[in-house]
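Q: Please take a close look at aromatic pairing in this model. Then work outward to the other residues worth checking at the bench, one at a time.

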Amino acid sequence: MRYQKYIRLPGILFGGFLYALGLNQFVVPYQLFSGGVPGLAQLLSIPLGRLLGSGFNVSGLVYWVLNLPLLYLAWKDLGKNFFLRTLLGSGSISLFMSLLPVPAVPLLEEELVSVVLGGLISGAGIGVILILGGCGGGT
C-alpha cells in the first residue's frame, strides 16, 4: 500500500501508547504483572523505584534497558529499516510506560473485567505496531 509509509510512524507511536495505556491503567493497579520483558521490567522497577525514592514510574526505563540487546540484534541481523521500526516501537512503549500514570485506585471495581480490558487494549496496541511492520521489542 502506497499510503502505508505515511501512517507508519504515527501508527507505531499510537500502538505504543495503546499498549502502555492498557497495561498502566487496567493491569498494574491490581498489582499484576505482564509477561515477558514488560513483566520483568515491572518486577525490577519495584526495588529500583524504592531505591531511587522518586515518584517517577521507572518500569519504562527498565523496559528500555532490557530491550537493548534485542535492539542490537535487530540492527545487526534484520536490517536498518526493521531496526528503526523496532527502535520506534520499543521506544514508544518505554516512553508511554513511564509517562502514563498508574492510578492509585483501580479504574474498574471488577478485577477480571479490568484485566481483560487491559489485555484487549494492550493487544490492540501490539497488533497496530506489528501490522505496520514494527516490533515492540521483548513484548
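A: Start with the rule. Two rings of Phe, Tyr or Trp count as a pair if their centres lie within 6.5 Å; for Trp, the six-membered ring is used. Planes under 30 degrees apart are called stacked, those over 60 edge-to-face, and the rest tilted. The model is predicted. By this rule, two aromatic pairs are counted in it.

One pair joins F17 and F96. Their ring centres are 5.4 Å apart, and the planes meet at 80°. That angle is over 60, so the pair is edge-to-face. F17 sits in helix α1, whereas F96 sits in helix α4, residues 80-99. The two positions are 79 residues apart in sequence, so this pair ties together distant parts of the chain. F17 is partly exposed, because its relative accessible area is 27%.

The other pair is Y72 with W75. Here the centres are 5.9 Å apart and the planes are 50° apart. That angle falls between the two limits, so the pair is tilted. Both residues belong to helix α3, which covers residues 59-77. They are three residues apart, so about one helical turn separates them. Y72 has 45% relative accessibility and therefore counts as partly exposed.

Back to helix α1, which runs over residues 4-27 and also holds Q25. Is Q25 buried or exposed? Q25 is buried, because its relative accessibility is 14% and the limit is under 20%. A polar atom of the Q25 side chain lies 2.5 Å from the backbone oxygen of P101. P101 is also among the residues that Q25 touches, beyond those up to four places away in sequence. The others are A20, P103 and L107.

Next comes the loop between α1 and α2, where Q31 is placed. Q31 is not a glycine, yet its phi is positive, near 60°. Most residues other than glycine have a negative phi. Q31 is exposed, because its relative accessible area of 62% is over 50%.

Now the loop between α4 and α5. P106 lies there, and α5 spans 111-131. P106 is partly exposed, because its relative accessible area is 26%. Apart from neighbours within four places in sequence, P106 is in contact with P29 and Y30. N67 is another matter: P106 and N67 are 39 residues apart in sequence, and their C-alpha atoms are 28 Å apart.

Last, helix α2. I46 is found in this helix, residues 36-52. The relative accessible area of I46 is 34%, so I46 is partly exposed. I46 helps make a nonpolar surface patch of about 420 Å². F33, L40, L43 and L44 make up the rest of that patch. P47 also lies in helix α2. P47 counts as partly exposed, because its relative accessibility is 48%. The C-alpha atoms of P47 and V116 are separated by 27 Å, with the two positions 69 residues apart along the chain.

How values were computed: Residues numbered from 1 in each chain as written. Predicted model: local features only at pLDDT ≥ 70, side-chain atom pairs only at ≥ 80, totals over all residues. Heavy atoms only, no water. Helix = DSSP H or I, 4+ residues; strand = E, 2+ residues; numbered from the N terminus. Buried < 20%, exposed > 50% of the residue type's maximum accessible area, 1.4 Å probe, protein only. Polar contact = N/O pair within 3.5 Å; in protein donor to acceptor, adjacent residues only side chain to side chain. Contact = heavy atoms within 4.5 Å. Patch = residues over 30% accessible without salt bridge, like charges linked within 9 Å, V, L, I, M, F, W, Y side chains within 5 Å. Areas by Shrake-Rupley, 256 points an atom, 1.4 Å probe, with all protein chains shown as cover. Salt bridge = Lys/Arg side-chain N within 4 Å of Asp/Glu carboxyl O.
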